[in-house]
Amino acid sequence: MQQDASNQRLLWLVAIGFFMQTLDATIVNTALPAMAASLGVSPLRMQSVVVAYSLTMAMLIPASGWMADRFGTRRLFVSAIVLFTLGSLLCAVSHSLTQLVLSRIVQGIGGALLLPVGRLAVLRAFPREQFLKAMSFVALPGLIGPLIGPTLGGWLVEYTTWHWIFLINLPVGVLGCAATLAFMPEGLRVVSKRFDLGGYAMLSFGMVALSLSLDGLSELGLRQATVLVLLIFGLASLVAYWLHAMRQPDPLFSPRLFAIPSLAIGLLGNLFARIGSSCMPFLIPLLLQVSMGYSPAQAGMMMLPVALAGMVTKTLATRLITRLGYRLVLVLNTVLVGLSMASFALATPGQPLWLKLVQLAIFGAVNSMQFTAMNTVTLKDLDGPLASSGNSLLSMVQMLAMSMGVAAAGAVLAGFTGYFEGAGAAQTLDAFHATFATMGLMTLASAWIFWQLSPDVRGTGTTHADNH
């Protein structure tokens, strides 16, 4: 009974961490046009605020498993909340885009530890047959963030200033720290292996170079030759890491992980499906405010159907996967995600409100189903020493895909904005339409990856999910 109570408190603590992240991400997306006006830059070039955070997380997540083994999950979870809260404060006092991006990097350092360490604490505390139930419980409180984030962010921007979207994190951070110190179990420390610093440097450089090559096409103003050099160096660095890991006795991510078919397919599917879908929280509020004349508060309210439909779908995902199997659910659902994204290419200012709301709800439902199915199939067969490493690898891929997705969407949007330059007032709306269609098709293509799963792989209660 004591153990059950302790585990229940742990779930709530991890949910607070997820809540902080989801609240921050959704508030920031809604407020980008207001930030751009305040800082004197174009709202179509604000993706660096999102990319800086997610790319920092992707860079630091590979070290999170080793750090959790070395220092213990509770100590690391508290440190993560402190850094995340400090980063929020620095964002609130930023006076230029450069300062804001640097402050988002500090936030990202905290976030890089918050997400995987919280998930790892649950992974270690619960027996395998309870994983899915435990993480589904964590996911639902975490979904409160995107439920209230866009509306709260729009209201704060409209009636106060955009700085308050970051200050709102401070009381949640203080509460999270106090609760973690009071209730979170220390967790078992594992004898840590030597940290693979050389491999970490190669992997981090590869990820940063790839993301900067995409972001450089639109945001940084880099010439095409520079972008090409960054792209080649990034790919070369990732290949070098793979060759290094095959020879290294204790690499960051063992190549043995990819001998597990469900993990290998799940990771690749996560990467390519998320590159498409992760741009939507960035693009939709921009579309509504820049091209359709919505106020920040109205744009925030329009995001409610996405979160509400996602919460409803969470309760159905487990049953669908158990009945139909992972392959069928993921292939069909990936197609639906891609089509629902592409449907925004038909959005116009004169479109009936009810139709916009239905469109947003459908995207929220299928996207939520996608996250649950992708994450559970990736982690379901992990066991023993591979659990920590595989968990960190999934978190890294999620953040890298988010960074690359927003950077890619920004580059595509900039490209189409230039292409439709002679279209006058309709230029920006045409560029948004073409961008939604492109990113939807990109997501659609990733269905082929999930087709490689065995049709016999089903949800048997040994998996777990989260909302990221």
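**Reading a helical chain**

User: How much area does the chain expose, and which atoms supply 71% of it?

Analyst: The chain exposes about 18400 Å², and 71% of that is supplied by carbon and sulfur atoms; accessible areas come from the Shrake-Rupley method with a 1.4 Å probe, and for residues only the protein chains shown count as cover. This is a predicted model, in which local features need pLDDT of at least 70 and side-chain atom pairs count only at pLDDT 80 or more, while totals for chains, interfaces and linings use all residues. Residues are numbered from 1 along each chain as its sequence is written, and side-chain values use heavy atoms, with hydrogens and water left out.

User: How many helices and strands are there in the chain?

Analyst: Helices (H or I, at least four residues) and strands (E, at least two) are DSSP runs, numbered from the N terminus. The chain has 19 helices and zero strands.

User: Is S291 buried or exposed?

Analyst: Buried means under 20% relative accessible area, exposed over 50%, and partly exposed in between (1.4 Å probe, protein chains only). S291, which lies in helix α12 (residues 280–291), has a relative accessible area of 17% and is therefore buried. Buried residues make up 59% of the 468 residues in the chain.

User: Which residues is S291 in contact with, leaving aside its neighbours within four places in sequence?

Analyst: Contact means heavy atoms within 4.5 Å. With those neighbours left aside, S291 is in contact with L286, P349, T428, L429 and F432. Among contacts in the chain between residues at least 6 apart in sequence, 85% join residues at least 24 apart.
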